[in-house]
Amino acid sequence: MRLFAVLICLGCFVAAFFQLDHFLPLLPQKIAIRFDMDGAPNGWMGKDTFALYYFFLLGVMLGVFGIFAAVVHKLPARFINIPHRHYWLAEPQRKATLDYLRELYLWTAAFAGIFIVGMMDMVLHINQMPVPHLDNRFLYTACGAFAFCIFCGIALVCWRFRKPPEKA
């Protein structure tokens, strides 16, 4: 499963490259990147700067979670915030716990990457309109889906690291 999450993360970079390769020649020099509550644009950016920003944002988000996944096995227990950590980070549970957290970080990166690619795709499509305008329904749906994934991740952590069994 870890490999699949890593492949999704790499796929996000590939998707971003192809999105920009397709859309950038079709866009005006200044594109709308920020919108008010009614969907009207209120922030603009040059399309070359937007491309750099897109890859920077994707790289930072995936990089942060990727670094967490890589170093979680080296962190002292006091830096790992899970329920009942003294039990779950003690032997013999420690390795399984850290493997679980590593995979969780990788999947969080994958979902963040998918969310960013989706949001940027929305921005690129909006800027092909004669008058750019954000349809809030898609924005709210995408943000709700991402928030649901984060909520499910938190619920899984709480369930996985629930109160340890009592010793007899």
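This briefing covers the nonpolar cores, the salt bridges and the cysteines of the structure. The model is a predicted one. Its largest nonpolar core holds 27 residues, and helix 4 supplies the largest share of that core, 9 residues. Helix 4 also contains Asp 99, which is linked with Arg 2 and Lys 95 in a network of salt bridges. The count of salt bridges comes to 3, while the count of disulfides is 0.

**Nonpolar cores**

- Within the largest nonpolar core of 27 residues, the members that touch the most other members are Leu 20, Phe 50, Tyr 54 and Leu 58.
- Three elements each give two or more residues to this core: helix 1 (2–23), helix 2 (47–71) and helix 4 (94–126). Of the core residues, 9 come from helix 4, and this is the largest share.
- A second core, separate from the largest one, has 9 residues; among them are Val 72, Ile 82, Trp 88 and Leu 89.
- Phe 50 can be described through its contacts beyond four places in sequence: on the lower-numbered side these include Leu 20, Ile 31, Ile 33 and Met 45. The contacts of Phe 50 also include Met 120, Val 123 and Leu 124.
- In soluble globular proteins, nonpolar side chains tend to be buried together.

**The network around Asp 99**

- Asp 99, a residue of helix 4, forms a salt bridge with Arg 2, and the closest N and O atoms of this pair are 3.5 Å apart.
- This salt bridge connects distant parts of the chain, since Arg 2 belongs to helix 1 and Asp 99 to helix 4, with their positions 97 residues apart.
- The side chains of Asp 99 and Arg 2 are also joined by a polar contact of 3.5 Å.
- Once neighbours within four places in sequence are set aside, Asp 99 is in contact with Arg 2 and His 73.
- Lys 95 forms a salt bridge with Asp 99 as well, with the closest N and O atoms 2.8 Å apart. Both residues lie in helix 4, 4 residues apart, which corresponds to about one turn of the helix.
- Arg 2 has a relative accessible area of 30% and is therefore partly exposed. Lys 95 counts as exposed because its relative accessibility is 55%.

**The salt bridge between Asp 135 and Arg 137**

- Asp 135 forms a salt bridge with Arg 137, in which the closest N and O atoms are 2.8 Å apart.
- With a relative accessible area of 36%, Asp 135 is partly exposed. Arg 137, at 63%, is exposed.

**Cysteines**

- The structure holds 0 disulfides. Cys 9 is accordingly in no disulfide, and the nearest cysteine sulfur, belonging to Cys 12, is 6.1 Å away.
- Cys 9 counts as buried because its relative accessibility is 12%, below the 20% limit for a buried residue.
- Cys 149 is likewise in no disulfide; the nearest cysteine sulfur to Cys 149 is that of Cys 152, at 6.5 Å.
- Cys 149 has a relative accessible area of 28% and is therefore partly exposed.
- A disulfide is a covalent bond between the sulfur atoms of two cysteines.

Key
Residues are numbered from 1 along each chain as its sequence is written. This is a predicted model: local features need pLDDT of at least 70, side-chain atom pairs count only at pLDDT 80 or more; totals for chains, interfaces and linings use all residues. Side-chain values use heavy atoms; hydrogens and water are left out. A nonpolar core is a set of buried Ala, Val, Leu, Ile, Met, Phe, Trp, Tyr and Cys residues joined through side-chain atoms within 4.5 Å. Buried means under 20% relative accessible area, exposed over 50%, partly exposed in between (1.4 Å probe, protein chains only). Contact means heavy atoms within 4.5 Å. A polar contact is a pair of N or O atoms within 3.5 Å; within protein, one must be able to donate a hydrogen and the other to accept it, and residues adjacent in sequence count only if both atoms are side-chain atoms. A disulfide is a pair of cysteine sulfur atoms within 2.5 Å. A salt bridge is a side-chain nitrogen of Lys or Arg within 4 Å of a carboxyl oxygen of Asp or Glu.
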